[in-house]
Amino acid sequence: MKHLNEILSKTPNAATSAESSATSPATADDPTQPDTCPICRGAGFVRRPYPIDHPRFGRAEPCECILREREDQRRQRLTRLSNIGALSRFTFETLQPRGRSGNDATFQAAIQIAQEYAQDPHGWLVITGPSGTGKTHLAAAIANRRIELGHPILFMVVADLLDHLRAGYDTDDQELAFDRVFEHIRNAPLLVLDDLDGASGTAWAREKLLQVINHRFNLALPTIVTATAPPTTLDPRLGTRLLDPTLARVLTLGPSEHSQYTEVGGMSRQRLAAFQFRTFETRIPGLHPEEQASLEAALQAARSFAEAPQGWLVLQGPNGCGKTHLASAIANRALQDGHSVFFAVVPDLLDHLRASFAPGRETPYDELFERVRNADLLVLDDFGAQATTPWAQEKLYQVVNYRHVAGLPTVVTTDRSLDELQEVNPRIVARIADPRAGAIIVILAPHYHLGRSIPPPSPRGPRRAR
(Lines give C-alpha, C1' and ligand atoms only; values in the text may rest on other atoms or scores of the structure.)
Protein backbone atom coordinates (compact mmCIF):
# COMPACT_ATOMS: atom_id res chain seq x y z
CA MET A 1 0.00 0.00 0.00
CA LYS A 2 1.35 3.46 -0.87
CA HIS A 3 2.07 5.83 1.97
CA LEU A 4 0.17 9.07 2.16
CA ASN A 5 3.30 11.13 1.61
CA GLU A 6 3.80 9.40 -1.76
CA ILE A 7 0.24 10.22 -2.73
CA LEU A 8 0.19 13.81 -1.53
CA SER A 9 3.45 14.57 -3.28
CA LYS A 10 1.48 14.10 -6.50
CA THR A 11 -1.98 15.13 -5.36
CA PRO A 12 -2.15 18.36 -3.34
CA ASN A 13 -5.24 19.46 -1.48
CA ALA A 14 -8.33 20.49 -3.33
CA ALA A 15 -9.08 24.15 -3.55
CA THR A 16 -11.89 25.64 -1.59
CA SER A 17 -13.47 26.79 -4.82
CA ALA A 18 -12.89 26.51 -8.54
CA GLU A 19 -12.68 30.27 -8.96
CA SER A 20 -10.14 30.92 -6.22
CA SER A 21 -8.02 28.00 -7.32
CA ALA A 22 -7.80 29.19 -10.89
CA THR A 23 -6.61 32.66 -9.92
CA SER A 24 -4.25 31.82 -7.08
CA PRO A 25 -0.52 32.02 -7.94
CA ALA A 26 0.05 28.85 -5.98
CA THR A 27 -2.04 26.90 -8.45
CA ALA A 28 -0.21 27.84 -11.61
CA ASP A 29 0.73 25.04 -13.99
CA ASP A 30 3.70 23.05 -12.80
CA PRO A 31 6.16 22.65 -15.69
CA THR A 32 7.30 19.33 -14.28
CA GLN A 33 3.70 18.04 -14.31
CA PRO A 34 2.08 19.50 -17.43
CA ASP A 35 -1.06 17.40 -17.03
CA THR A 36 -1.92 18.69 -13.54
CA CYS A 37 -5.30 20.39 -13.50
CA PRO A 38 -4.95 24.11 -12.66
CA ILE A 39 -8.30 24.09 -10.86
CA CYS A 40 -7.99 21.22 -8.39
CA ARG A 41 -4.19 20.79 -8.74
CA GLY A 42 -4.59 17.05 -9.21
CA ALA A 43 -6.75 16.31 -6.19
CA GLY A 44 -9.79 15.55 -8.32
CA PHE A 45 -12.33 17.43 -6.21
CA VAL A 46 -13.08 20.97 -5.10
CA ARG A 47 -15.05 22.61 -2.33
CA ARG A 48 -17.27 25.39 -3.64
CA PRO A 49 -18.32 28.45 -1.59
CA TYR A 50 -22.00 27.60 -1.13
CA PRO A 51 -24.02 29.49 1.51
CA ILE A 52 -24.09 27.76 4.87
CA ASP A 53 -27.75 26.81 4.45
CA HIS A 54 -27.13 25.23 1.04
CA PRO A 55 -27.52 21.41 1.02
CA ARG A 56 -24.08 21.08 -0.63
CA PHE A 57 -22.29 23.31 1.85
CA GLY A 58 -19.06 21.71 3.04
CA ARG A 59 -19.21 18.82 0.56
CA ALA A 60 -16.51 18.00 -1.93
CA GLU A 61 -17.52 17.87 -5.61
CA PRO A 62 -15.79 16.42 -8.68
CA CYS A 63 -13.60 18.86 -10.54
CA GLU A 64 -14.26 19.61 -14.23
CA CYS A 65 -11.16 17.63 -15.20
CA ILE A 66 -12.68 14.55 -13.60
CA LEU A 67 -15.91 14.91 -15.51
CA ARG A 68 -13.96 14.97 -18.80
CA GLU A 69 -11.71 11.95 -18.30
CA ARG A 70 -12.33 8.44 -19.63
CA GLU A 71 -13.75 5.72 -17.40
CA ASP A 72 -10.54 3.66 -17.35
CA GLN A 73 -8.47 6.75 -16.57
CA ARG A 74 -10.84 7.67 -13.79
CA ARG A 75 -10.67 4.28 -12.12
CA GLN A 76 -6.87 4.18 -12.27
CA ARG A 77 -6.59 7.66 -10.84
CA LEU A 78 -9.09 7.05 -8.05
CA THR A 79 -7.36 3.83 -7.04
CA ARG A 80 -4.03 5.66 -6.91
CA LEU A 81 -5.42 8.49 -4.79
CA SER A 82 -7.41 6.29 -2.45
CA ASN A 83 -4.42 4.82 -0.58
CA ILE A 84 -6.25 1.49 -0.86
CA GLY A 85 -3.16 -0.25 -2.24
CA ALA A 86 -3.19 -4.04 -1.80
CA LEU A 87 -6.68 -3.85 -0.33
CA SER A 88 -8.08 -3.28 -3.82
CA ARG A 89 -8.72 -7.04 -3.87
CA PHE A 90 -11.09 -6.69 -0.91
CA THR A 91 -14.42 -6.36 -2.71
CA PHE A 92 -17.98 -7.44 -2.07
CA GLU A 93 -17.42 -10.25 -4.56
CA THR A 94 -14.55 -11.71 -2.50
CA LEU A 95 -16.43 -11.54 0.80
CA GLN A 96 -17.73 -14.80 2.25
CA PRO A 97 -21.47 -14.04 2.44
CA ARG A 98 -22.02 -15.74 5.81
CA GLY A 99 -18.67 -14.98 7.39
CA ARG A 100 -15.67 -17.22 7.92
CA SER A 101 -17.67 -19.66 10.01
CA GLY A 102 -20.10 -20.14 7.11
CA ASN A 103 -23.07 -19.63 9.39
CA ASP A 104 -23.04 -15.98 10.45
CA ALA A 105 -26.37 -14.32 9.72
CA THR A 106 -25.16 -11.10 11.36
CA PHE A 107 -22.33 -10.78 8.86
CA GLN A 108 -24.71 -11.40 5.97
CA ALA A 109 -26.92 -8.54 7.18
CA ALA A 110 -23.84 -6.31 7.59
CA ILE A 111 -22.90 -6.90 3.95
CA GLN A 112 -26.34 -5.72 2.84
CA ILE A 113 -26.03 -2.53 4.90
CA ALA A 114 -22.51 -1.93 3.58
CA GLN A 115 -23.66 -2.34 -0.04
CA GLU A 116 -26.42 0.19 0.49
CA TYR A 117 -23.96 2.63 2.05
CA ALA A 118 -21.55 2.17 -0.86
CA GLN A 119 -24.28 3.24 -3.29
CA ASP A 120 -25.14 6.39 -1.36
CA PRO A 121 -22.80 7.18 1.56
CA HIS A 122 -24.51 9.49 4.00
CA GLY A 123 -23.52 9.88 7.62
CA TRP A 124 -21.15 7.52 9.37
CA LEU A 125 -20.80 3.76 9.36
CA VAL A 126 -19.03 2.33 12.43
CA ILE A 127 -17.96 -1.32 12.21
CA THR A 128 -16.82 -3.02 15.43
CA GLY A 129 -15.88 -6.55 16.44
CA PRO A 130 -12.93 -8.76 17.41
CA SER A 131 -9.97 -9.28 15.13
CA GLY A 132 -10.75 -11.63 12.27
CA THR A 133 -14.45 -10.81 11.91
CA GLY A 134 -14.09 -9.02 8.54
CA LYS A 135 -14.22 -5.35 9.56
CA THR A 136 -11.40 -4.19 7.30
CA HIS A 137 -12.62 -6.29 4.37
CA LEU A 138 -16.09 -4.78 4.67
CA ALA A 139 -14.74 -1.21 4.85
CA ALA A 140 -12.40 -1.80 1.91
CA ALA A 141 -15.24 -3.32 -0.12
CA ILE A 142 -17.22 -0.10 0.32
CA ALA A 143 -14.19 1.96 -0.70
CA ASN A 144 -13.56 -0.15 -3.80
CA ARG A 145 -17.22 0.05 -4.83
CA ARG A 146 -17.09 3.85 -4.56
CA ILE A 147 -14.02 3.82 -6.81
CA GLU A 148 -15.89 1.64 -9.33
CA LEU A 149 -18.68 4.22 -9.31
CA GLY A 150 -16.18 6.99 -10.04
CA HIS A 151 -16.01 8.69 -6.64
CA PRO A 152 -12.88 9.64 -4.65
CA ILE A 153 -12.17 8.11 -1.25
CA LEU A 154 -9.27 8.03 1.20
CA PHE A 155 -8.45 4.86 3.13
CA MET A 156 -6.23 5.30 6.20
CA VAL A 157 -5.07 2.92 8.92
CA VAL A 158 -5.20 5.19 11.97
CA ALA A 159 -1.71 4.32 13.19
CA ASP A 160 -0.31 5.25 9.75
CA LEU A 161 -2.39 8.42 9.68
CA LEU A 162 -0.85 9.60 12.95
CA ASP A 163 2.64 8.77 11.66
CA HIS A 164 2.04 10.87 8.55
CA LEU A 165 0.83 13.81 10.61
CA ARG A 166 3.90 13.63 12.88
CA ALA A 167 6.19 13.48 9.84
CA GLY A 168 4.56 16.62 8.49
CA TYR A 169 6.29 18.68 11.18
CA ASP A 170 9.76 17.55 10.08
CA THR A 171 9.75 18.25 6.35
CA ASP A 172 10.60 21.24 4.21
CA ASP A 173 8.43 19.91 1.38
CA GLN A 174 5.36 22.13 1.29
CA GLU A 175 3.33 19.37 -0.33
CA LEU A 176 3.97 17.14 2.72
CA ALA A 177 3.66 19.83 5.37
CA PHE A 178 1.39 19.07 8.31
CA ASP A 179 -1.27 21.64 7.42
CA ARG A 180 -1.75 20.29 3.88
CA VAL A 181 -1.83 16.64 4.92
CA PHE A 182 -4.18 17.42 7.79
CA GLU A 183 -6.61 19.31 5.57
CA HIS A 184 -6.54 16.59 2.92
CA ILE A 185 -7.56 14.00 5.51
CA ARG A 186 -10.17 16.16 7.23
CA ASN A 187 -11.97 17.03 4.00
CA ALA A 188 -11.77 13.82 1.97
CA PRO A 189 -15.14 13.19 0.28
CA LEU A 190 -15.28 9.75 1.93
CA LEU A 191 -12.77 8.86 4.66
CA VAL A 192 -12.16 5.33 5.94
CA LEU A 193 -10.43 5.18 9.34
CA ASP A 194 -9.34 1.58 9.86
CA ASP A 195 -8.45 0.22 13.32
CA LEU A 196 -9.38 3.33 15.27
CA ASP A 197 -8.47 1.84 18.66
CA GLY A 198 -5.30 0.16 17.38
CA ALA A 199 -3.13 3.28 17.70
CA SER A 200 -1.86 3.83 21.22
CA GLY A 201 -0.41 7.25 20.48
CA THR A 202 0.66 10.25 22.50
CA ALA A 203 -1.70 12.87 23.85
CA TRP A 204 -0.84 14.99 20.81
CA ALA A 205 -1.72 12.16 18.41
CA ARG A 206 -5.03 11.51 20.14
CA GLU A 207 -5.84 15.21 19.99
CA LYS A 208 -5.16 15.34 16.23
CA LEU A 209 -7.34 12.29 15.68
CA LEU A 210 -10.13 13.89 17.67
CA GLN A 211 -9.85 17.05 15.56
CA VAL A 212 -10.26 15.01 12.37
CA ILE A 213 -13.28 13.20 13.74
CA ASN A 214 -14.81 16.33 15.24
CA HIS A 215 -14.44 18.25 11.97
CA ARG A 216 -16.10 15.52 9.95
CA PHE A 217 -18.79 15.13 12.62
CA ASN A 218 -19.67 18.82 12.54
CA LEU A 219 -19.94 18.83 8.73
CA ALA A 220 -21.57 15.36 8.60
CA LEU A 221 -18.97 14.22 6.06
CA PRO A 222 -19.31 10.55 5.06
CA THR A 223 -16.94 8.50 7.21
CA ILE A 224 -16.35 4.80 7.86
CA VAL A 225 -14.69 3.74 11.11
CA THR A 226 -13.56 0.27 12.13
CA ALA A 227 -12.59 -0.62 15.70
CA THR A 228 -12.05 -3.74 17.76
CA ALA A 229 -13.56 -2.34 20.94
CA PRO A 230 -17.14 -1.03 21.14
CA PRO A 231 -17.42 2.79 21.04
CA THR A 232 -18.56 2.86 24.67
CA THR A 233 -15.05 1.82 25.77
CA LEU A 234 -13.26 4.57 23.81
CA ASP A 235 -12.44 8.12 24.85
CA PRO A 236 -15.87 9.68 25.56
CA ARG A 237 -15.11 12.48 23.12
CA LEU A 238 -14.79 9.87 20.36
CA GLY A 239 -17.44 7.50 21.62
CA THR A 240 -20.21 10.08 21.77
CA ARG A 241 -19.66 10.97 18.11
CA LEU A 242 -19.43 7.37 16.94
CA LEU A 243 -22.70 6.60 18.72
CA ASP A 244 -24.65 9.69 17.72
CA PRO A 245 -27.98 8.27 16.48
CA THR A 246 -28.61 11.19 14.14
CA LEU A 247 -25.40 10.56 12.17
CA ALA A 248 -23.82 7.16 12.85
CA ARG A 249 -24.91 3.59 12.31
CA VAL A 250 -23.01 0.92 14.27
CA LEU A 251 -22.49 -2.60 12.91
CA THR A 252 -21.28 -5.07 15.55
CA LEU A 253 -19.73 -8.21 14.08
CA GLY A 254 -19.67 -11.37 16.17
CA PRO A 255 -16.59 -13.27 17.30
CA SER A 256 -14.77 -15.16 14.58
CA GLU A 257 -13.78 -18.78 14.74
CA HIS A 258 -10.18 -17.73 15.33
CA SER A 259 -11.03 -15.37 18.21
CA GLN A 260 -12.63 -18.09 20.34
CA TYR A 261 -9.25 -19.22 21.62
CA THR A 262 -6.41 -16.94 22.72
CA GLU A 263 -3.18 -18.10 24.27
CA VAL A 264 -0.15 -16.44 25.77
CA GLY A 265 2.77 -18.66 26.67
CA GLY A 266 2.82 -21.36 24.03
CA MET A 267 -0.30 -23.49 24.56
CA SER A 268 -1.30 -23.54 20.90
CA ARG A 269 -4.75 -24.73 19.86
CA GLN A 270 -3.21 -27.86 18.36
CA ARG A 271 -1.25 -28.65 21.52
CA LEU A 272 -4.26 -27.95 23.70
CA ALA A 273 -6.32 -30.50 21.78
CA ALA A 274 -3.99 -33.29 22.95
CA PHE A 275 -4.96 -32.78 26.59
CA GLN A 276 -8.29 -34.52 27.16
CA PHE A 277 -9.94 -36.02 30.23
CA ARG A 278 -9.75 -39.47 28.66
CA THR A 279 -5.95 -39.24 28.38
CA PHE A 280 -5.39 -38.21 32.00
CA GLU A 281 -3.68 -41.03 33.90
CA THR A 282 -4.69 -41.63 37.50
CA ARG A 283 -3.19 -45.13 37.97
CA ILE A 284 0.55 -44.63 37.91
CA PRO A 285 2.86 -47.38 39.25
CA GLY A 286 4.47 -46.59 42.59
CA LEU A 287 1.92 -44.08 43.84
CA HIS A 288 0.90 -44.16 47.45
CA PRO A 289 -2.84 -44.63 48.00
CA GLU A 290 -3.37 -41.01 49.07
CA GLU A 291 -1.47 -39.76 46.00
CA GLN A 292 -3.60 -41.79 43.65
CA ALA A 293 -6.73 -40.69 45.49
CA SER A 294 -5.70 -37.04 45.01
CA LEU A 295 -5.34 -37.58 41.25
CA GLU A 296 -8.76 -39.19 41.04
CA ALA A 297 -10.31 -36.39 43.10
CA ALA A 298 -8.67 -33.78 40.87
CA LEU A 299 -9.97 -35.49 37.72
CA GLN A 300 -13.48 -35.66 39.13
CA ALA A 301 -13.39 -32.01 40.22
CA ALA A 302 -12.14 -30.92 36.79
CA ARG A 303 -14.87 -32.91 35.01
CA SER A 304 -17.54 -31.38 37.25
CA PHE A 305 -16.19 -27.88 36.66
CA ALA A 306 -16.16 -28.45 32.88
CA GLU A 307 -19.78 -29.60 32.94
CA ALA A 308 -20.95 -26.43 34.67
CA PRO A 309 -18.12 -23.85 34.81
CA GLN A 310 -18.68 -21.34 37.56
CA GLY A 311 -16.39 -19.48 39.93
CA TRP A 312 -12.89 -20.74 40.64
CA LEU A 313 -11.04 -24.04 40.44
CA VAL A 314 -7.52 -23.94 41.87
CA LEU A 315 -5.29 -26.94 41.09
CA GLN A 316 -2.32 -27.05 43.45
CA GLY A 317 0.60 -29.48 43.30
CA PRO A 318 4.21 -30.07 42.19
CA ASN A 319 5.43 -29.46 38.66
CA GLY A 320 4.45 -32.25 36.29
CA CYS A 321 1.67 -33.74 38.42
CA GLY A 322 -1.04 -33.10 35.78
CA LYS A 323 -2.43 -29.67 36.73
CA THR A 324 -1.96 -28.17 33.26
CA HIS A 325 -3.39 -31.30 31.64
CA LEU A 326 -6.63 -30.95 33.61
CA ALA A 327 -6.82 -27.19 32.99
CA SER A 328 -6.39 -27.81 29.25
CA ALA A 329 -9.08 -30.50 29.25
CA ILE A 330 -11.48 -28.01 30.84
CA ALA A 331 -10.53 -25.46 28.15
CA ASN A 332 -11.20 -28.00 25.39
CA ARG A 333 -14.65 -28.70 26.77
CA ALA A 334 -15.43 -24.95 26.93
CA LEU A 335 -14.39 -24.51 23.30
CA GLN A 336 -16.58 -27.44 22.26
CA ASP A 337 -19.50 -25.75 24.01
CA GLY A 338 -18.92 -22.54 22.03
CA HIS A 339 -17.27 -20.48 24.79
CA SER A 340 -14.24 -18.24 24.39
CA VAL A 341 -11.09 -19.32 26.22
CA PHE A 342 -8.01 -17.33 27.20
CA PHE A 343 -5.14 -19.64 28.23
CA ALA A 344 -2.26 -17.75 29.81
CA VAL A 345 1.01 -18.81 31.39
CA VAL A 346 1.11 -16.08 34.03
CA PRO A 347 4.76 -14.89 33.67
CA ASP A 348 4.34 -14.65 29.89
CA LEU A 349 1.01 -12.87 30.27
CA LEU A 350 2.60 -10.16 32.39
CA ASP A 351 5.39 -9.75 29.82
CA HIS A 352 2.76 -9.34 27.08
CA LEU A 353 0.85 -6.77 29.10
CA ARG A 354 4.02 -4.75 29.68
CA ALA A 355 4.98 -4.93 26.00
CA SER A 356 1.50 -3.93 24.86
CA PHE A 357 2.10 -0.42 26.25
CA ALA A 358 4.54 0.21 23.38
CA PRO A 359 3.12 2.24 20.46
CA GLY A 360 2.26 0.35 17.30
CA ARG A 361 1.64 -3.00 18.95
CA GLU A 362 -0.75 -5.27 17.02
CA THR A 363 -2.81 -5.78 20.19
CA PRO A 364 -2.74 -2.68 22.42
CA TYR A 365 -2.76 -2.97 26.20
CA ASP A 366 -6.40 -2.01 26.76
CA GLU A 367 -7.67 -4.58 24.26
CA LEU A 368 -5.46 -7.37 25.63
CA PHE A 369 -6.38 -6.58 29.24
CA GLU A 370 -10.11 -6.59 28.44
CA ARG A 371 -9.84 -9.91 26.65
CA VAL A 372 -8.14 -11.45 29.68
CA ARG A 373 -10.69 -10.07 32.13
CA ASN A 374 -13.79 -10.93 30.12
CA ALA A 375 -13.00 -14.32 28.54
CA ASP A 376 -15.78 -16.86 29.07
CA LEU A 377 -13.10 -19.10 30.61
CA LEU A 378 -9.71 -17.90 31.83
CA VAL A 379 -6.89 -20.33 32.58
CA LEU A 380 -4.03 -18.88 34.64
CA ASP A 381 -1.29 -21.49 34.37
CA ASP A 382 1.82 -21.49 36.60
CA PHE A 383 0.38 -18.93 38.97
CA GLY A 384 2.95 -17.73 41.52
CA ALA A 385 5.98 -17.97 39.22
CA GLN A 386 5.59 -14.39 37.97
CA ALA A 387 7.95 -11.56 38.80
CA THR A 388 6.88 -9.93 42.02
CA THR A 389 7.11 -6.29 40.98
CA PRO A 390 4.39 -4.01 42.33
CA TRP A 391 3.15 -3.41 38.77
CA ALA A 392 2.85 -7.14 38.07
CA GLN A 393 1.04 -7.87 41.30
CA GLU A 394 -1.36 -4.98 40.73
CA LYS A 395 -2.25 -6.19 37.21
CA LEU A 396 -2.84 -9.71 38.52
CA TYR A 397 -4.99 -8.41 41.32
CA GLN A 398 -7.11 -6.36 38.91
CA VAL A 399 -7.77 -9.46 36.78
CA VAL A 400 -8.46 -11.72 39.75
CA ASN A 401 -10.67 -9.21 41.55
CA TYR A 402 -12.72 -8.43 38.43
CA ARG A 403 -13.42 -12.09 37.72
CA HIS A 404 -14.10 -12.80 41.40
CA VAL A 405 -16.70 -10.04 41.59
CA ALA A 406 -18.27 -11.05 38.25
CA GLY A 407 -18.22 -14.75 39.09
CA LEU A 408 -16.51 -15.59 35.78
CA PRO A 409 -15.16 -19.16 35.41
CA THR A 410 -11.43 -19.24 36.13
CA VAL A 411 -8.97 -22.11 36.46
CA VAL A 412 -5.69 -21.54 38.29
CA THR A 413 -2.73 -23.91 38.46
CA THR A 414 0.12 -23.35 40.92
CA ASP A 415 2.98 -25.25 42.53
CA ARG A 416 3.00 -22.85 45.49
CA SER A 417 1.16 -23.30 48.74
CA LEU A 418 -1.41 -20.74 49.81
CA ASP A 419 0.94 -19.63 52.58
CA GLU A 420 3.65 -18.88 50.00
CA LEU A 421 1.20 -16.99 47.80
CA GLN A 422 -0.14 -15.15 50.82
CA GLU A 423 3.31 -13.74 51.51
CA VAL A 424 3.47 -12.23 48.02
CA ASN A 425 -0.04 -10.85 47.57
CA PRO A 426 -2.62 -11.52 50.27
CA ARG A 427 -5.32 -9.70 48.29
CA ILE A 428 -5.08 -12.22 45.46
CA VAL A 429 -5.16 -15.19 47.83
CA ALA A 430 -8.24 -13.78 49.55
CA ARG A 431 -10.06 -14.00 46.20
CA ILE A 432 -8.87 -17.35 44.88
CA ALA A 433 -9.23 -19.03 48.28
CA ASP A 434 -12.73 -17.68 48.94
CA PRO A 435 -14.76 -20.81 49.83
CA ARG A 436 -17.89 -19.16 48.42
CA ALA A 437 -16.27 -18.75 45.00
CA GLY A 438 -14.95 -22.23 44.23
CA ALA A 439 -12.62 -25.01 45.31
CA ILE A 440 -8.94 -25.70 45.88
CA ILE A 441 -7.82 -29.20 44.85
CA VAL A 442 -4.42 -30.38 46.12
CA ILE A 443 -2.64 -33.02 44.02
CA LEU A 444 -0.16 -35.01 46.10
CA ALA A 445 1.25 -37.15 43.26
CA PRO A 446 4.83 -36.44 42.15
CA HIS A 447 6.01 -35.52 38.66
CA TYR A 448 4.67 -37.93 36.01
CA HIS A 449 8.12 -38.78 34.65
CA LEU A 450 10.58 -37.78 37.35
CA GLY A 451 8.76 -39.60 40.11
CA ARG A 452 10.02 -38.76 43.58
CA SER A 453 13.19 -37.03 42.47
CA ILE A 454 11.24 -33.80 43.08
CA PRO A 455 9.44 -34.00 46.41
CA PRO A 456 5.97 -32.44 46.42
CA PRO A 457 5.63 -29.20 48.39
CA SER A 458 3.72 -29.19 51.62
CA PRO A 459 0.27 -27.81 50.82
CA ARG A 460 0.04 -25.91 54.11
CA GLY A 461 -3.20 -24.45 52.85
CA PRO A 462 -6.82 -25.54 53.18
CA ARG A 463 -7.90 -28.59 51.21
CA ARG A 464 -11.36 -28.54 49.79
CA ALA A 465 -13.24 -30.56 47.24
CA ARG A 466 -16.30 -29.54 45.32
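Which residues touch the most other members of the largest nonpolar core? The legends below start from the whole chain and then reach that core in its own view. The model is predicted.

**View 1. The whole protein chain.**
The secondary structure comes to 18 helices and 13 strands. The chain has 466 residues, and buried residues make up 51% of them. Take the contacts between residues at least 6 apart in sequence: 77% of these join residues at least 24 apart.

**View 2. The largest nonpolar core and L313.**
This core holds 33 residues, and F277, L313, L326, I330, L377 and V411 touch the most other members. Six elements give two or more residues to it: helix 12 (289-307), strand 9 (312-316), helix 13 (323-336), strand 10 (341-345), strand 11 (377-381) and strand 13 (438-442). A second, separate core has 32 residues, including V314, L349, L368 and V412. Now centre on L313. Leaving aside residues up to four places away in sequence, L313 touches A301, A302, F305, I330, T410, V411, V412, A439 and I441.

**View 3. Helix 5 and its cover.**
Helix 5 runs over residues 105-119, 15 residues in total. From first C-alpha to last, helix 5 reaches 22 Å, close to the 21 Å expected at 1.5 Å a residue. Its buried residues are F107, A110, I111, I113, A114, Y117 and A118. An α-helix has 3.6 residues a turn, so residues three or four places apart point the same way. What covers the buried residues of helix 5 includes strand 3 (124-128), helix 6 (135-148), strand 6 (223-227) and strand 7 (248-252).

**View 4. K135, a buried lysine in helix 6.**
K135 is found in helix 6. Its relative accessible area is 10%, under the 20% cut-off, so K135 counts as buried. Residues up to four places away in sequence aside, K135 touches I127, T128, G129, P130, T226, A227, T228 and L253. F107 of helix 5 is 28 residues from K135 in sequence. In space, K135 and F107 are 9.8 Å apart, C-alpha to C-alpha.

**View 5. K395, buried without a salt bridge.**
K395 has its place in helix 16 (residues 390-406). This lysine is buried yet has no salt bridge. The nearest side chain of opposite charge is E394, 6.3 Å away. A salt bridge needs a nitrogen-to-oxygen distance within 4 Å, so E394 does not qualify. The K395 side chain does make a polar contact, at 3.2 Å, with the side chain of Q398.

**View 6. Helix 9 and the residues around its ends.**
Helix 9 (residues 203-219) has 17 residues, which should span 24 Å at 1.5 Å a residue. Its end C-alpha atoms are 24 Å apart, which agrees. Buried in helix 9 are A205, K208, L209, L210, V212, I213, H215 and R216. D195 sits in the loop between strand 5 (191-194) and helix 9. A220 comes just after helix 9, in the loop between helix 9 and strand 6.

What sign does phi take at D195, a residue other than glycine? Positive, near 60 degrees. A220 is not a glycine either, and its phi is positive at about 55 degrees. Most residues other than glycine have a negative phi. D195 is partly exposed, with a relative accessible area of 27%. A220 also counts as partly exposed, at 26% relative accessibility.

Definitions and conventions: Residues numbered from 1 in each chain as written. Predicted model: local features only at pLDDT ≥ 70, side-chain atom pairs only at ≥ 80, totals over all residues. Heavy atoms only, no water. Helix = DSSP H or I, 4+ residues; strand = E, 2+ residues; numbered from the N terminus. Expected span 1.5 Å × (residues − 1). Buried < 20%, exposed > 50% of the residue type's maximum accessible area, 1.4 Å probe, protein only. Contact = heavy atoms within 4.5 Å. Core = buried A, V, L, I, M, F, W, Y, C linked by side-chain atoms within 4.5 Å. Lys, Arg positive; Asp, Glu negative; His and termini not counted. Polar contact = N/O pair within 3.5 Å; in protein donor to acceptor, adjacent residues only side chain to side chain.
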